[in-house]
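Please open the model in your viewer, switch to a cartoon representation, and keep the sequence panel at hand for making selections.

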Amino acid sequence: MKTILVTGGAGFIGGCFVRQMLDRTGYRVITLDKLTYAGIRESIPSDSDRHVFAQGDIGDTGLVHQLLAKYEPFAVVNFAAESHVDRSIDGPRQFVETNVLKTFDLLHTTHQWWKGLTDDVKAKFRFLHVSTDEVYGSADDGGKFTETTPYSPNSPYSASKAASDFFVRAMQHTYGFPTLTTNCSNNYGPYQFPEKLIPLMILNALSGKPLPVYGDGKNIRDWLYVEDHCTAIATVLEKGRLGETYNVGGNSERTNLDIVHTICDSLDAISPMEDGSSRRNLIKFVTDRPGHDRRYAIDCSKLTSELGWEPQETLETGMSKTIRWYLDNPEWLAIVQAKHDTSTRLGQGDAP
Ligand code: NAD
C-alpha cells in the first residue's frame, strides 16, 4: 500500500487533506501531529488499516525517523505550524521554534532518511511544504503576487513561514532533495478553529455577541475553500515540477467587512434574530492589528496553466457550505470549546 506522511494533520487544512486522501485515494495515511491547541484529534478518522495517528512533534527527530523507517512513505506533506498571526504578535518565539527550527529538523531528518533509499525509490519521493501568500507582504500597488514576487514578510508569522520556505528551497538546491512548495491565500471551511475570522464571526453572530472587526474593515484578502486548497496540494504532489513553488488562490478578493456582512446576511436568512434586527448591528470596529497588511492578492495562473487545477467553489457556495457545517456540527464545537476557552481571544485575525 502506498503511504503518505502528513504532519499537522489534526489541524484545519491538514485534517481536510487527511480526509481527502482517505476518501479519494487508496493510500495509507500516517498523521503526525503534536495536538497543540489547534490540533483536534476528533477532526480526522480513527485509526484503521489505512490511517495511523501518531501524536508527536515534527522536531522530535527520533520519532520522525522511526515513522519514516517503519512506513516508508512516498511523500511527506508538511502542514504542521503555528498559524495564527495574532498569536505571533503576542508571542513570536514559538513561531520561530515550530515554523523555522522544527520545520528544519523535519526537513533534515527526512533528507537523511531519503539519502539511504535506493535510487528508484528516491526518485519517486516528494517533500511538499505548505506555505502562505503572506510571505509576499502587502499587495498595495494593485498587482497580484506571482511565484517570482520578492518575499517581504511583515508579521512574525509570515517571517517564520518565509524562513521555512527558504530552507525548503535550500535543501532542494544544495542537496537535490525533492521538494515542492505551495503558497496559498486565506482558507475557510469546516473544522476551522474558531479563533480565525470566519468561524469566529459565525459563532459570535449565532449567539448575538459583538463581531469585532479590525480597523476600518477594508483589509482585502483572497479566500479559498479548504477542499479546493487540498485538491491543489494533491495536484502539485502528483504533477508539480521538483523544486518549484506554486501559488494557490481562490480568485475571490473581499474586504473583511464584506465577509462579515455575508455571514450576517446568510445567518439572518437562515435563522432570524428574535427581535428581527440585522446581525450587521453586532459589528464593532476595534483597534487595528499592529502592522496589519492591507491587501493580499494571488495570481495562481501557473498552477492552472501548468497543472490544470482550478477551484470548484466560489466564495458564495463555499461560505454557504461552511455556515451550514457550523450549524450542523455542534458536537465538534463542543469538543473544541471544552478543550480551549476560545472566548478569551479577540482573535478575529486572518488565517494566514
Ligand atoms: P492549524 O493551526 O489549524 O493546524 C496546525 C496543526 O499543526 C495543528 O494540528 C497542530 O497541532 C500541529 N502542530 C503545530 N506544531 C506542531 C509540531 N511542532 N509538531 C507537530 N504538529 C504540530 O493550521 P492550518 O490553518 O491548518 O494551516 C496549516 C498549514 O497551512 C500551516 O503551515 C499554515 O502556515 C499554512 N497555511 C494556512 C492558511 C490558512 O488560511 N489557514 C493559508 C495558507 C497556508
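The tour below goes from the sheet to a helix lying across it and then to a pair of helices, in what is a predicted model.

Begin by selecting the strands of the open sheet, of which there are seven, pairing in parallel in the order β3-β2-β1-β4-β5-β6-β10. At the edges you will find β3 (51-55) and β10 (245-248), each of which pairs on one side only. If you look along the sheet, neighbouring strands are turned by 20° against each other on average, direction ignored.

Next, narrow the selection to β1 (residues 3-7) and β2 (residues 28-33), two strands that run parallel and are joined by five bridges. To see one such bridge, select Val6, whose partner in β2 is Thr31.

Now add helix α8 (residues 226-239), which lies across β4 (75-78), β5 (126-132), β6 (179-184) and β10, and which runs at about 155° to β6.

Finally, select helix α7 (residues 197-206) together with helix α9 (residues 256-270), whose axes come within 10 Å and cross at roughly 40°. That angle makes α7 oblique to α9, and the crossing by which α7 passes α9 is right-handed.

Which residues meet where α7 contacts α9? Show the side chains of Leu197, Ile198, Met201, Ile202, Ala205 and Leu206 in α7, which meet Asn256, Ile259, Val260, Ile263, Cys264 and Leu267 in α9. Coloured by residue class, the residues of this contact divide into eleven nonpolar and one polar, with no charged residue among them.

Conventions:
Residues are numbered from 1 along each chain as its sequence is written. This is a predicted model: local features need pLDDT of at least 70, side-chain atom pairs count only at pLDDT 80 or more; totals for chains, interfaces and linings use all residues. Axes are lines fitted to C-alpha atoms, for helices over the stretch in contact, and angles run from 0 to 180 degrees between N-to-C directions. Helices (H or I, at least four residues) and strands (E, at least two) are DSSP runs, numbered from the N terminus. Angles under 35 degrees count as roughly parallel, over 145 as roughly antiparallel, 65 to 115 as roughly perpendicular and the rest as oblique. A crossing is left-handed if the near helix is turned anticlockwise from the far one by less than a right angle, and right-handed if clockwise. Two residues are in contact if their C-beta atoms, placed from the backbone, lie within 7 Å. Ala, Val, Leu, Ile, Met, Phe, Trp, Tyr, Cys and Pro count as nonpolar, Asp, Glu, Lys and Arg as charged, and the others, Gly among them, as polar. Two strands pair if DSSP finds at least two bridges between them.
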